[in-house]
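User: Please take a close look at one part of this model and tell me what surrounds it. I'd also like to know how far to trust the coordinates.

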Amino acid sequence: MPSTDDIEPRKRGGRRKYATPEEAHAAKIESNRRGRERRRREPATPAEAQALLSDPARSNELLEAAQQRVAKRRPWTQPTPDELNPPRVNPTTLPVTLGKPQFLDEDLIELAAAGFDNVASAFQYARDVIAGLIPAGRMVRLACERHERDLEKIGKGDWPYTFDFAKAERVCRVLQLFREIKGPRARQRLVLMPWQRFIIASTFGWVNRETGTRRFRYALCYVPRGNGKTTLAAPLALYMLALDGEGGAEVYAAAVTRQQARLVFDTAQRMAERAPEFRRRYGVMVAAHAIVQEENAATFRPLSRDATSLDGLNVHFAVLDELAQHKNGEVFDVLQTATGKRTQPLMLGITTAASNQSSVGYEQWQYATRLLEQKIDDEQFFAVIYTIDKTDDWRDKKSWIKANPNWGVSVMPDAIANLCLQAQQSAARQNAFKQKHLNIWTSTSVLWMNMQVWDACADATLDIGDFAGEECIIGLDLATKVDLAAKVKLFRRTIDGVQHYYLFPEFFLPDAAIAKNDAYGGWVADGHITVSPGEVNDLEMIQSTVIDDNQTYRVVDVAYDPWQARMMASNLENADVSVIEYRPLVQNFSPPMKEIEALALERRLHHTGNPVLAWNVGCVMVQEDFKGNIFPRKDRADPLVKIDGLIATLMALGRLMFLDATDREPSIVSLTPANATGSVPAHA
């Protein structure tokens with residue numbers, strides 16, 4: 001049956017005539033439909049018009065109908081084959097200049113002229129970041145430098161990858177055929193920013209030179225709030241559903257809760273609804289809880305940890321939304337293992353920093369950091385992290401620009417300036433500002449230690465063996481027998497007349513407790529935690545390490561919490577180890593807490609960068625009484641939060657401060673490194 005748009009009525013004697021009964025029937029149906037629409041949206045009498053104005057629900061209904069009619073007049077433009085499939089070129093034939101930058105301006109012009117304007121923009125962005133023309137943090141520069149190094153490897157030796165300009169260009173073009181759904185640019189075509197083109201081009205352009213399949217199986221993008229993460233991920237999910245050429249593609253928008261998972265899905269749903277030509281051409285149907293392409297049996301659904309079952313998945317593409325909010329790796333692990341049957345699956349993690357440094361999100365952040373710093377090698381993992389550098393002032397506008405790649409586009413300078421002003425007046429708001437707008441991990445809802453300052457005190461070259469024979473104080477926290485226990489050795493040296501403090505932590509854990517926290521397993525494997533078999537900590541093993549310390553170092557005191565350690569304290573005394581109770585009181589913890597903050601700010605505190613101790617320090621919330629005393633707290637609602645390492649540190653430092661104040665052990669005041677002859681100072 002011909003469509004109503006093709007019907008050409010014939011006028012005879014002022015009356016419309018049609019060539020066939022079918023045409024007349026179609027015209028009648030269309031006329032009735034238009035009449036119903038007109039009657040529904042137009043009031044028949046002044047009284048009806050007045051009633052319409054006083055009925056918000058009816059007014060909203062008519063407004064929505066009007067918006068739908070406007071959308072029909074601005075359809076998703078059907079791309080031509082040339083638009084979707086730019087010409088292929090051999091990357092080795094493009095003009096390349098060795099060194100930095102990889103591509104010169106004239107090279108990029110030639111690349112754009114060949115039909116690869118999005119790829120040219122992505123390459124230009126990487127080059128400008130490296131040259132310092134675009135403000136960016138160290139992690140972004142490292143990502144761009146990695147891209148440049150890889151370009152130099154193309155066609156050399158056994159390097160298995162090449163860059164497919166056509167594939168990268170095609171994805172960028174398709175994404176920009178969809179329309180935005182929110183903000184001042186709603187209903188306008190999506191325009192990818194250069195940083196977004198860099199991410200898309202890198203993820204889809206790098207392929208195996210033999211098979212043509214994608215190189216990267218996992219892409220991680222850390223970027224502050226408001227920079228368009230969802231707007232980028234949603235159309236990408238639609239592309240992977242219908243245009244990636246994968247039969248039976250399973251696409252998921254995954255998050256901890258179903259509400260969070262639906263954010264990406266709902267955005268993609270609305271984009272698909274406003275792209276009728278996309279739905280028609282590729283046979284895509286939009287339902288309430290799924291987007292389906294029946295011909296290829298492809299589906300796109302939201303997925304959350306609270307779903308009925310996470311088993312039986314066969315993932316082609318998954319968006320892990322706000323990965324930093326995942327308290328454990330349950331969803332991440334399920335999706336990762338579910339990609340094994342696919343030829344070129346892709347997992348996309350998009351997130352902003354959060355407060356739980358034992359989460360899978362922080363674990364992936366650390367992995368990405370080591371990857372970009374070339375400390376590990378993973379050719380199938382793409383990562384880019386937008387944040388400020390450790391030396392940046394978080395209150396400086398230059399830092400805001402570095403962390404927010406969409407500065408001035410979707411991130412408004414005036415709004416950020418106002419939020420920063422509020423953050424300077426409130427510790428809680430400061431924490432939220434750093435997390436959400438600068439992409440800084442702050443660990444707790446109310447910040448105690450500035451973790452950037454803490455990290456700056458790390459010295460990986462510290463060797464406990466260099467302190468043999470020197471005096472130390474040990475802090476021992478055995479608060480629980482079934483979870484983490486901590487021992488911290490504290491040394492002090494005088495350098496150029498200034499006292500410096502050195503921390504060497506040890507952590508202990510029963511084997512049965514490893515499953516309580518996803519991070520424990522990795523820390524055990526790296527040697528940061530000592531495991532004992534069984535359900536509880538082996539206190540005799542911990543006791544033997546203290547006795548060994550007393551033989552290797554001159555242990556002045558072992559400060560311990562009497563809650564779980566009375567028997568051990570008695571045994572240590574029998575072994576000629578000096579022990580002292582250190583009760584968890586405000587007057588015992590407030591002075592060392594304030595002192596350790598000052599030492600860290602003055603860079604007179606030194607530690608090995610132990611990640612377990614850093615996690616403990618970052619978990620501390622500070623509580624202040626009316627006298628200005630502070631006390632370490634933790635979020636008791638979250639069983640994953642532990643502060644044992646910090647408590648042991650505070651006990652050791654607090655005991656040292658007490659000895660200094662009372663002058664009971666004058667030898668501890670004069671801790672100095674070994675002299676040139678290798679001897680150590682004698683006891684006073």
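Analyst: Helices and strands here are DSSP runs numbered from the N terminus: H or I with at least four residues for a helix, E with at least two for a strand. Strand 16 (residues 530–532) is one such run, and Ser532 sits in it. Ser532 counts as buried because its relative accessible area is just 2%, where buried means under 20%, exposed over 50% and partly exposed in between (1.4 Å probe, protein chains only). Skipping neighbours within four places in sequence, Ser532 is in contact (heavy atoms within 4.5 Å) with Leu509, Pro510, Asp511, Asn537, Asp538 and Met541.

A bit of housekeeping before going on. You're looking at a predicted model, so local features need a pLDDT of at least 70 and side-chain atom pairs count only at 80 or more, while totals for chains, interfaces and linings use all residues. Residues are numbered from 1 along each chain as its sequence is written, and side-chain values use heavy atoms, with hydrogens and water left out.

Now for the part I'd zoom in on: Met449 and helix 22. Met449 is in the loop between helix 17 (427–438) and helix 18 (451–456). Loop or not, Met449 is buried, with a relative accessible area of 3%. Not counting residues up to four places away in sequence, Met449 touches Trp454, Ile596, Glu597, Ala600 and Val617. Met449 and Gly618 are 169 residues apart along the chain, yet their C-alpha atoms are separated by 6.7 Å. Cys619 is buried too, at 4% relative accessible area.

Two of those contacts, Ile596 and Ala600, are among the buried residues of helix 22, along with Phe589, Ser590, Pro592, Met593 and Leu599. Helix 22 (residues 586–601) has 16 residues and reaches 23 Å from first C-alpha to last, close to the 22 Å expected at 1.5 Å a residue; the expected span is 1.5 Å times one less than the number of residues. Just after helix 22, Arg603 takes a positive phi of about 60°.

How does this fit into the bigger picture? A nonpolar core is a set of buried Ala, Val, Leu, Ile, Met, Phe, Trp, Tyr and Cys residues joined through side-chain atoms within 4.5 Å. The largest has 107 residues, with Phe300 and Leu335 touching the most other members. Helix 10 (residues 229–242) supplies the largest share of this core, 10 residues. Apart from it lies another core, of 49 residues, and Ala600 is among its members, as are Phe507, Leu605 and Ala614.

If you're wondering about cysteines, Cys457 is buried as well, at 4% relative accessibility. With a disulfide taken as a pair of cysteine sulfur atoms within 2.5 Å, the count comes to zero.

Finally, trust. The chain has a mean pLDDT of 83, and 80% of its residues reach 70 or more; pLDDT is the predictor's confidence in each residue, from 0 to 100. Confidence is highest in strand 12 (residues 381–385), at a mean of 98, and lowest in helix 25 (residues 666–669), at 39. Over residues 69–78 the pLDDT is below 50, though this stretch has 19 contacts in the model beyond near neighbours in sequence. Residues 87–104 also fall below 50, with 38 such contacts. Where pLDDT is low, the predicted coordinates should not be read in detail.
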